Amino acid sequence: MLLLIAALFALFLIIGMPVAFALALAAIPVFVATGTMPPTVAIQKMVTATQSFPLLAVPFFIFAGNLMNSTGITERLITFARLLTGWMAGGLGQVSILLSLMMGGISGSAVADASMEARLLGPGMISKGGYSKAATAAVLAFGSIITATIPPSIGLILFGFINEVSIGRLFLAGIVPGVLLTATLMLTAWIVAKRNGYRPDLAEPPTLRQVGASFRESVWALAFPVILIIGFRFGFFTATEAGAFLVFYALFVGTAVYRELTLGKLYDAIRASVLDLGMVMLLIMMAAVLGYAVTLEQGPQQIAALVTELTQNPFLILILVLALLLVSGMFLEGAANILLVTPIVLPVLTGAGFDPIHMGILMVTLINIGGLTPPVGVIMFTVCGILDVRTGAFAKAAAPYFVAMLAFLALLIVFPALSLFVPGRLM
């Protein structure tokens with residue numbers, strides 16, 4: 001039955017059916033053909049999947065991110081990032097990577113970050129920095145992975161929800177890897193820029209007075225990740241309550257501090273949030289149906305038995321599972337991959353002795369790398385579509401960054417403390 005479910009799911013994707021509907025329809029044989037459960041259970045599972053307090057964090061952070069973009073915070077962060085890194089080799093490419101780190105503490109969405117930066121920074125990188133379109137797309141696409149790694153990552157929220165892992169601990173666990181990934185990509189961008197002669201955006205480093213003035217303008221955005229960490233450390237709020245707090249925080253900044261949030265911009269932020277949330281929630285509902293069907297057919301147990309038959313070595317088990325996630329990430333959108341695949345493979349990893357928090361950071365990062373590869377690379381297609389870049393040219397320009405990402409993942413695998421140190425100390 002599991003093979004039939006997989007075949008149906010693959011068939012629906014091949015004929016172009018939206019992923020959410022493919023997820024639900026692939027589960028039909030379990031509810032109709034086998035007679036194990038009545039079809040009404042599928043509807044119940046859809047409804048039940050939405051009735052979760054931790055899941056409320058998703059709409060809150062999505063709405064807060066859109067509000068932040070409507071209040072002038074994004075423009076101030078770009079100015080601050082440009083002063084800090086625009087004078088380096090690679091210029092605006094370095095700016096985009098640092099901006100992804102800053103925006104990661106607000107938006108939590110790799111696709112949203114890549115789309116925004118492609119529109120705001122992409123043309124300047126091409127016209128002023130000497131970047132080709134493909135090289136521009138590569139830097140922006142890989143930089144967006146930072147946003148999915150550090151809190152408040154939507155991917156980490158979904159992982160924690162579907163696998164019953166502490167979202168607060170996942171948020172804290174993403175801090176060090178997020179900063180390390182930023183440094184890794186900036187070093188790679190510097191090497192590539194030196195090799196290809198990409199120009200700095202600023203003629204010379206800024207003065208301390210200029211940096212200080214820009215910092216004061218951006219402090220309202222930069223303060224939130226600090227508030228998030230303090231809140232988790234002292235138990236002031238859960239991840240869901242942190243999302244609600246950020247919404248009010250964004251409204252306060254937009255209306256009382258910068259005074260740029262008009263009724264029109266508020267309407268646009270609400271509309272964009274509803275559209276984003278509709279897509280995410282539909283995936284969650286449909287994935288719940290297929291996930292329940294796979295559980296009924298003892299999918300996790302069969303996968304675990306298959307892996308343990310191949311090897312008993314924990315390290316090799318981890319490599320096999322990560323390879324599976326990398327391949328599935330090439331065919332499934334990130335949220336669907338987290339909701340569908342991670343509940344099946346996480347028990348295998350925890351059974352081999354791996355920490356679920358450490359595995360959460362690894363798997364969410366790896367799944368988002370799948371968004372940079374064909375045939376269903378959402379991040380890649382978003383950036384390439386905006387900048388009019390062919391997939392082949394993108395892949396060639398992205399090669400150094402793929403190598404850097406593999407080195408980064410190797411560090412996370414070999415040194416679990418990179419993920420576990422902060423949550424171990426603060427929670």
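This report walks through the overall fold, the surface and one serine of a predicted protein model.

## Overall fold

Let's begin with the whole chain. Its secondary structure comes to 24 helices and 0 strands. Along the principal axes, the C-alpha trace spans about 70 × 45 × 45 Å.

How does the radius of gyration of the protein chain fit a compact globule? The protein chain has 21 Å, and a compact globule with 427 residues would have a value near 22 Å, so the two agree.

## Contacts and burial

Contacts that reach far along the sequence are well represented here. Taking contacts between residues at least 6 apart in sequence, 78% join residues at least 24 apart. Buried residues account for 53% of the 427 residues in the chain.

## Surface and charge

If you are thinking about the outside of the model, the accessible surface of the protein chain comes to about 18,100 Å². Carbon and sulfur atoms hold 69% of that area.

On the charged side chains, 19 are positive and 16 are negative. The centres of these two sets lie 10 Å apart.

## A look at serine 153

Now for a single residue. Serine 153 sits in the loop that runs between α10 (133-149) and α11 (154-163). Is serine 153 buried or exposed? Its relative accessible area is 0%, and because the cut-off for buried is under 20%, serine 153 counts as buried.

The side chain of serine 153 also has a polar partner to check in your viewer: one of its polar atoms lies 3.2 Å from the backbone nitrogen of glycine 155.

Terms used. Residues are numbered from 1 along each chain as its sequence is written. This is a predicted model: local features need pLDDT of at least 70, side-chain atom pairs count only at pLDDT 80 or more; totals for chains, interfaces and linings use all residues. Side-chain values use heavy atoms; hydrogens and water are left out. Helices (H or I, at least four residues) and strands (E, at least two) are DSSP runs, numbered from the N terminus. Buried means under 20% relative accessible area, exposed over 50%, partly exposed in between (1.4 Å probe, protein chains only). A polar contact is a pair of N or O atoms within 3.5 Å; within protein, one must be able to donate a hydrogen and the other to accept it, and residues adjacent in sequence count only if both atoms are side-chain atoms. The radius of gyration is taken over C-alpha atoms; the globule rule is 2.2 Å times the number of residues to the power 0.38. Contact means heavy atoms within 4.5 Å. Accessible areas come from the Shrake-Rupley method with a 1.4 Å probe; for residues, only the protein chains shown count as cover. Lys and Arg count as positive and Asp and Glu as negative; His and the chain ends are not counted. The place of a charge is taken as NZ of Lys, CZ of Arg, CG of Asp or CD of Glu.
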